[in-house]
Amino acid sequence: MIKKIADFYRVSKPKLYKFSSSEEQKKKLNYYKWATFLSATLGYGMYYVCRLSLNVVKKPIVEEGIFSETELGIIGSVLFFTYAIGKFTNGFLADRSNINRFMSTGLLVTALVNLALGFTNSFILFAILWGISGWFQSMGAASCVVGLSRWFNDKERGSFYGFWSASHNIGEALTFIIVASIVSAFGWRYGFWGAGIVGIVGALMIWKFFQDTPESKGLPPVIKPKENKALSSEETADYNKAQKQVLLMPAIWILALSSAFMYISRYAVNSWGVFYLEAQKGYSTLDASFIISINSVCGIVGTVLSGFVSDKLFNGKRNMPALLFGLLNVCALCLFLLVPGTNYWLDVAAMIMFGLSIGVLLCFLGGLMAVDIAPRNASGAALGVVGIASYVGAGVQDVMSGILIEGNKTVINGTEVYDFTSINYFWIGAAILSVICALMVWNAKAPKE
């Protein structure tokens with residue numbers, strides 16, 4: 001049984017195909033490259049629709065008495081923790097897999113989980129299913145990165161990777177608009193069912209258009225494989241030494257902490273922003289979701305501009321733009337949380353500022369600054385440390401936010417009234433601590449080799 005499963009997910013075998021001309025071969029290669037890129041971008045966006053569906057339906061679930069805010073926080077955190085573990089394991093598996101089948105499976109399972117959640121009232125079962133979804137969610141990014149590596153050469157890959165990186169923002173925006181529209185019209189259970197249907201459509205699209213390898217289509221490899229040469233004992237020792245050095249560098253751990261605090265503020269808005277706008281400012285589910293979706297769209301702009309900002313305006317230095325956009329993140333949260341009443345355009349402005357700042361900070365604090373100061377042959381280890389810390393921060397955020405929201409709720413004349421003062425301290429405080437941690441590594445440099 002295990003052997004059959006392993007064979008099913010094994011990298012496709014090369015096929016022999018005789019093209020009538022080099023022009024036909026080039027045309028086929030371009031078709032498959034674009035099919036792979038577009039299906040990876042749209043498909044990973046649909047992964048996010050299935051991942052964020054819970055964030056849109058929290059308020060209706062609480063109002064129906066299905067789960068409390070604390071329980072929803074625990075459920076949300078389970079996905080982050082299993083996702084963090086899955087990112088580590090599935091990164092290794094994707095390198096050795098038929099990525100067409102690997103990525104299709106991940107989206108199909110998380111779509112089926114969403115369909116099942118629409119029928120679920122049990123807290124334990126809900127948490128288990130959401131945790132399973134988190135692990136299968138981690139199959140998406142790994143498959144996409146491997147696909148880009150297999151189909152695009154060194155000169156092309158950077159540009160296509162940059163555009164693909166915006167797919168999670170596309171998915172976030174789709175979630176806050178499509179799922180919110182369904183929930184507003186039919187109720188929270190239909191929100192999960194709608195997300196599940198989107199996921200199934202996405203899995204079919206990936207199965208049809210996301211290609212495994214050029215060789216499996218009778219094409220020559222885009223990148224000729226390097227000579228398979230084992231590392232010498234000296235080279236192995238160098239890698240081990242560099243990776244150990246990363247683990248012993250205080251600056252790497254401080255950056256990981258800075259990223260973790262930034263992820264608290266990022267997922268505070270993504271996970272609880274709709275709930276906050278409904279409970280505190282009286283927006284409808286659809287209006288609240290539309291406002292939160294603005295930060296996802298602006299995040300695309302921030303991500304795309306991040307490299308230009310640091311390379312062209314600050315001569316390749318990340319510390320100053322990280323400080324400026326970190327402060328912009330703090331200002332955006334203050335505008336969002338501290339201005340009382342329903343001020344639609346102020347809330348929109350806050351989400352524009354928040355999206356731009358998070359888009360840049362995800363690139364800098366979420367990896368690039370750590371890679372800059374890590375030994376060149378241990379950048380993967382540096383990214384691993386920052387990545388794990390970031391999603392642990394996101395998971396802790398969900399639990400703490402749920403506890404603080406429920407703990408400061410009172411019922412007055414049969415109406416639930418929330419006091420978000422503690423949430424203000426928690427979310428804004430995390431953003432401030434992220435800036436302070438980033439300042440602590442202002443002059444950090446890579447060790448001399």
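Which residue takes a positive phi just after helix 8? The residue is G187, with a phi of about 115°. This is a predicted model, and what follows walks through it a few elements at a time.

Start with the helix that leads up to that glycine. Helix 8 covers residues 167–186, which makes 20 residues. At 1.5 Å a residue, helix 8 should span 28 Å. Its end C-alpha atoms are 27 Å apart, so the span agrees with the expectation. Helix 8 is not free of a bend, though. At T175 it bends by about 25°. T175 is also one of the buried residues of this helix. The others on that list are S167, H168, N169, G171, E172, A173, F176, V179, A180 and V183. Note that the list includes E172 and H168 as well as V179 and V183.

Step back to the residues ahead of helix 8. A loop lies between helix 7 (154–164) and helix 8, and S165 is in it. S165 has a relative accessible area of 15%, under the 20% cut-off, so it counts as buried. F80 is 85 residues from S165 along the chain. The C-alpha atoms of the two are separated by 19 Å.

Now go forward, past G187. Helix 9 takes in residues 188–209, 22 residues in total. From its first C-alpha to its last it reaches 32 Å, close to the 32 Å expected at 1.5 Å a residue. Its buried residues include the glycines G191, G194, G196, G199 and G202. W188, F192 and W193 are buried too. So are A195, A203, M205 and I206. What covers them? The cover over the buried residues of helix 9 includes helix 2 (22–63), helix 4 (99–117), helix 5 (123–137) and helix 8. Helix 8 thus appears again, as part of the cover for helix 9.

Helix 2 deserves its own visit. K58 lies in this helix. Is K58 buried or exposed? Its relative accessibility is 0%, so K58 counts as buried. Leaving out residues up to four places away in sequence, K58 touches L72, S271, W272, F275 and D398. With D398 the contact is also a salt bridge, at 3.7 Å from N to O. This pair links distant parts of the chain. K58 belongs to helix 2 and D398 to helix 15, and 340 residues separate them. D398 is buried, as K58 is.

A second salt bridge sits in helix 2. E63 pairs with K59, and their closest N and O atoms are 2.8 Å apart. Both residues lie in helix 2, 4 residues apart, about one turn of the helix. The two partners differ in accessibility. E63 has a relative accessible area of 54%, over the 50% cut-off, so it is exposed. K59 has 10% relative accessibility, so it counts as buried. Elsewhere, salt bridges that share partners join K3, D7 and R10 into one network. Within it, D7 bridges to R10 with the closest N and O atoms 2.7 Å apart. D7 is partly exposed at a relative accessible area of 35%. R10 is partly exposed as well, at 47%. In total, the structure holds 9 salt bridges.

Helix 15, the home of D398, also has a part on the surface. The helix covers residues 379–407 and supplies 5 residues to a nonpolar patch, the largest share. Which residues form the patch? They are F81, I388, V392, V396, M400 and I403. Together they have about 440 Å² of accessible area. V392 is found in helix 15. Its relative accessible area is 37%, so V392 is partly exposed.

One last stop is helix 10, residues 233–247, where Q245 has its place. Q245 is partly exposed, with a relative accessible area of 30%. A382 stands 137 residues away from Q245 along the chain. The C-alpha atoms of Q245 and A382 are separated by 9.9 Å.

Definitions and conventions
Residues numbered from 1 in each chain as written. Predicted model: local features only at pLDDT ≥ 70, side-chain atom pairs only at ≥ 80, totals over all residues. Heavy atoms only, no water. Helix = DSSP H or I, 4+ residues; strand = E, 2+ residues; numbered from the N terminus. Expected span 1.5 Å × (residues − 1). Bend = angle between axes of the 7 residues up to and from the residue. Buried < 20%, exposed > 50% of the residue type's maximum accessible area, 1.4 Å probe, protein only. Contact = heavy atoms within 4.5 Å. Patch = residues over 30% accessible without salt bridge, like charges linked within 9 Å, V, L, I, M, F, W, Y side chains within 5 Å. Areas by Shrake-Rupley, 256 points an atom, 1.4 Å probe, with all protein chains shown as cover. Salt bridge = Lys/Arg side-chain N within 4 Å of Asp/Glu carboxyl O.
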